[in-house]
Amino acid sequence: MLIGELSQRTGVATRLLRYYEEQGLLCPDRDSNGYRVYAPEAPYVVARIRGMLAAGLTTGAIREMLPCATETGPGIDPCPEVLRTMAMHLERMDADIADLRRRRAALAEFRDATEARQRR
């Protein structure tokens, strides 16, 4: 299928599909005219990419994990690199969440102190 058809089937803009290709996430063949020709499973690959991006993974992490993804579903075979990458990203997210909680508490304390001054 050509890039326009893949875009229609997935709802992903052609520009974004080209970006996925640049990042090594999609690997279309080229026909004699130089047009991108995507394999029949490309819509599943795009869906996996979108799901992994929604989970907060970087394109680099997705590139590492994509070869372990199952053909038609969201599942990923438990390849060692997949488990390592997921663990690393979960640890980073946990640290980000803890940092956001600390920052929120500091801002709320600052707000409360400001409101208390305003009431005086």
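Select Arg-103 to begin: its relative accessibility is 53%, and Arg-103 therefore counts as exposed, the cut-off being over 50%. The model on screen is predicted.

Keep Arg-103 selected and add Asp-99. The two side chains form a salt bridge, with N and O 3.6 Å apart. Both residues belong to helix H5, where Arg-103 and Asp-99 are separated by 4 residues, about one turn of the helix.

Now add Arg-102. Which residue does the side chain of Arg-102 meet in a salt bridge? The partner is again Asp-99, at 3.7 Å from N to O. To show the helix that carries this pair, select residues 80-119, which make up H5. Within H5, Arg-102 and Asp-99 are 3 residues apart, also about one turn of the helix.

With these three side chains displayed, turn on the surface. Is Arg-102 buried or exposed? Arg-102 has a relative accessible area of 53% and is exposed. Asp-99, by contrast, is partly exposed, because its relative accessible area of 29% lies between the 20% and 50% limits.

Leave H5 and go to Arg-30. Arg-30 forms a salt bridge with Glu-21, and the closest N and O atoms of this pair are 3.5 Å apart. At a relative accessible area of 47%, Arg-30 is partly exposed. Add Arg-36 to the selection: Glu-21, Arg-30 and Arg-36 are linked in a network of salt bridges. For the whole structure, the count of salt bridges is 6.

The last stop is a pair of helices. Select residues 3-10 for helix H1 and residues 14-22 for helix H2. How are two packed helices described? The angle between their axes and the distance between the axes are used. H1 and H2 pack at about 105 degrees, with their axes 9 Å apart. That angle falls within 65 to 115 degrees, so H1 and H2 are roughly perpendicular to each other.

To see where the helices touch, show side chains on both. On H1, pick Ile-3, Gly-4, Leu-6 and Ser-7. These residues meet Thr-14, Leu-17 and Arg-18 of H2. Colour the contact of H1 with H2 by residue class: 3 residues are nonpolar, 3 are polar and 1 is charged.

Methods: Residues are numbered from 1 along each chain as its sequence is written. This is a predicted model: local features need pLDDT of at least 70, side-chain atom pairs count only at pLDDT 80 or more; totals for chains, interfaces and linings use all residues. Side-chain values use heavy atoms; hydrogens and water are left out. A salt bridge is a side-chain nitrogen of Lys or Arg within 4 Å of a carboxyl oxygen of Asp or Glu. Buried means under 20% relative accessible area, exposed over 50%, partly exposed in between (1.4 Å probe, protein chains only). Helices (H or I, at least four residues) and strands (E, at least two) are DSSP runs, numbered from the N terminus. Axes are lines fitted to C-alpha atoms, for helices over the stretch in contact, and angles run from 0 to 180 degrees between N-to-C directions. Angles under 35 degrees count as roughly parallel, over 145 as roughly antiparallel, 65 to 115 as roughly perpendicular and the rest as oblique. Contact means heavy atoms within 4.5 Å. Ala, Val, Leu, Ile, Met, Phe, Trp, Tyr, Cys and Pro count as nonpolar, Asp, Glu, Lys and Arg as charged, and the others, Gly among them, as polar.
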